[in-house]
Amino acid sequence: MEDPDKFNILLVDDTPAKLEAVASILDCLRQNVVRASSGREALRLVLKHDFSVILLDVKMPEMDGIETAELIRGHKRSQLTPIIFITSYEHAEVDMLRSYAVGATDIILWPISSSLLCAKVMTFINLQKAVKEKERLLEHLESLVAERTAALSREIEERKKVEKNLRKSRDDLASALANLRDTQELLLHADKMAVLGTLASGVAHEILNPLNVIGLTAQLLKKKSLSGEADELAERILKQTARATKITNNLRFFSHRSQVAAQPVNIGEVLDNAISLIEHDLRLGDIYIERNFGQGLPTVSADPDQLCQVFLNLLTNARDALKQRDKRTVSIAAHASGEQVQVDFSDTGSGIPKAVVDRIFEPFFTTKPAGEGTGLGLPITRSIVQSFGGTIDVESKEGKGTRFFLSFPAGKK
Ligand SMILES: Nc1ncnc2c1ncn2[C@@H]1O[C@H](COP(=O)(O)OP(=O)(O)O)[C@@H](O)[C@H]1O
Ligand SMILES: [Mg+2]
C-alpha cells in the first residue's frame, strides 16, 4: 500500500484459493490489491486505510459479507466506499436482495468473468481518480486564492506605508517651506537693517556735527537776549535741534548693533530705572503703573543702558496709546520661566488695528501725526532685544489694549 499513485482495492474472502484467483485477475489493473481473509480483518483495514473499492465474498463463517458491509457502512471513513459483493450462482437471488439492502454497489457471480470484473473495478477507480483530481484542483484553487489574498494584503500594507511616507514628506515639505519663508523674511529684514545701518552711520556722522553747531549757535543767540520774540525763536530752534539730535542718535543704534557690551544685568533694577525716568511724564498723563516684578530674578546678559532704552520705548508707546482713554494703566510683569526671563508690558490703551499689527516693527512705520512719531522705537527695541539673544512679540486688541512680551535667556540668579 506504499505506492501513493496507486489506488487501494480491498479483497475479502475466507477461501484462500478464491482470494488468490480474484487477486490475480486484478493484477492487470496495476493497483494495490489488499487481501483480507475475514470480515473482522476487513473491518480493521477499512478503519486504517482508504479504499477505492471493496470486493466482498457473501458467504463467510463467523461474520458473513452482508454483516461486514453493514459494519463498514457504519464508519465515516468507509460509508461511501463502493462495495461489490461476490456470490455463487445458486444463492444469487437471496443474496442480491440482502446486498442491495445494505448498500451494495454491484454484485458479481461465480464463476467470475475476468474482463467484466476488471471493467467494473476500473470504473470505480476512474471515478476515484476524477474525485481526487477535483480535490487536487480545489486545493490548488484554494491555495491560489490564499496566495492572492496574502499578496493583496501585503500590497495594501505597502500602499499604506507609502501613503504614510508621502504624508510625512508633504508635511516635512510644508514645514521646510514655512521655515524657508521665515528665513527669507528674516533675511529681508536683516538686509533692510544692514542698509539702514550703513545709511544711519553715514547720516549720523554727517548730521550730528552741523546739529551740534546749530544747537550751540541757538544757545549763543539766546544768551544775547535780543528780544522776547528772538528768545522764543531761539528756544524753538534749540528744541527742534534737540529732537533732531535724539532721532539721529536713535538711528545710530542700527549701525552699532554688533558692538554689544553685554554684562549680567538685574532686570528688576533696569525696569525701576526706566520707570523712574518716565514716571513724572506718566503721572502728568494720569497713568497708573502696576509693578508685578521683584528683584530676585535671574540676571540676563545685556547692556543695561540699551535695555533701559527698550523699556523706555515700550513705556513711551504705552503712554501715547493711553491718551484719551478712561482707564490708563500699564502693568509690568517679570518672571523666570525655565531657562528664560520673561517681561510683559500690558496697557489699557487704544490697541493696534489688525491691518497694521504686522508692520509695527518696520523702520519708520508710525501711526502718529507728523512730528510726533519717528517709527524707529520698536525696530530699535527689537534690534536690541535680539542682540541679547531675546525675542519680542505683541498681542493687541483694538479698543482694549496691547501686550508686548519679551523673553531673554536667563543667566544666574
Ligand atoms: N502700546 C501700544 N499701543 C498701541 N499702539 C502701539 C503701541 N506701541 C506701538 N504702537 C504702534 O506702533 C507704531 C510704531 O511704534 P514705534 O516704532 O515706537 O514708532 P512711533 O512710536 O514713533 O510711532 C506706533 O505708531 C503705534 O501705531
Ligand atoms: Mg515709539
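In this predicted model, the buried residues of helix 2 are covered by elements that include strand 1 (8–12), strand 2 (32–36) and helix 3 (65–74). Elsewhere, five strands form an open sheet with mixed pairing, and 21 residues surround ligand 1.

**Helix 2**
- Gly39, Ala42, Leu45 and Val46 are the buried residues of helix 2, which spans residues 39–48.
- These residues lie on the same side of helix 2 because they cover an arc of only 120° around its axis.
- Arg44, Leu47 and Lys48 are exposed, on the face of helix 2 turned away from its buried side.

**The open sheet**
- The strand order of the sheet is 7-9-10-12-11.
- Strand 7 (288–292) and strand 11 (391–397) are at the edges and each have a single partner strand, so one side of each lacks a neighbour in the sheet.
- On average, neighbouring strands are turned by 15° against each other, direction ignored.
- Strand 7 runs parallel to strand 9 (residues 329–337), and 5 bridges join the two.
- Asparagine 292 has alanine 333 of strand 9 as its bridge partner.

**Helices on the sheet**
- Helix 7 (residues 267–284) packs on the sheet, where it touches strand 7, strand 9 and strand 10 (340–347), and its direction makes about 175° with that of strand 9.
- Helix 8 lies across strand 9, strand 10 and strand 12 (401–409), at about 20° to strand 10.

**Surroundings of ligand 1**
- The closest residues to ligand 1 are Asn317, Ala321, Thr366, Gly373 and Gly377.
- Helix 8 (304–322) and helix 10 (377–387) are the elements that give two or more residues to this shell.
- Helix 8 provides the largest share, 4 residues.
- The shell comprises 7 nonpolar, 12 polar and 2 charged residues.

Conventions:
Residues are numbered from 1 along each chain as its sequence is written. Chains are lettered from A and ligands numbered from 1 in the order in which they are written. This is a predicted model: local features need pLDDT of at least 70, side-chain atom pairs count only at pLDDT 80 or more; totals for chains, interfaces and linings use all residues. A residue is near a molecule or strand if its C-beta atom, placed from the backbone, lies within 6 Å of it. Ala, Val, Leu, Ile, Met, Phe, Trp, Tyr, Cys and Pro count as nonpolar, Asp, Glu, Lys and Arg as charged, and the others, Gly among them, as polar. A residue is buried if 20 or more other C-beta atoms lie within 10 Å of its own, exposed if 12 or fewer, and partly exposed in between; C-beta atoms are placed from the backbone. The arc is that of the directions from the helix axis to the C-beta atoms. Two residues are in contact if their C-beta atoms, placed from the backbone, lie within 7 Å. Two strands pair if DSSP finds at least two bridges between them. Axes are lines fitted to C-alpha atoms, for helices over the stretch in contact, and angles run from 0 to 180 degrees between N-to-C directions.
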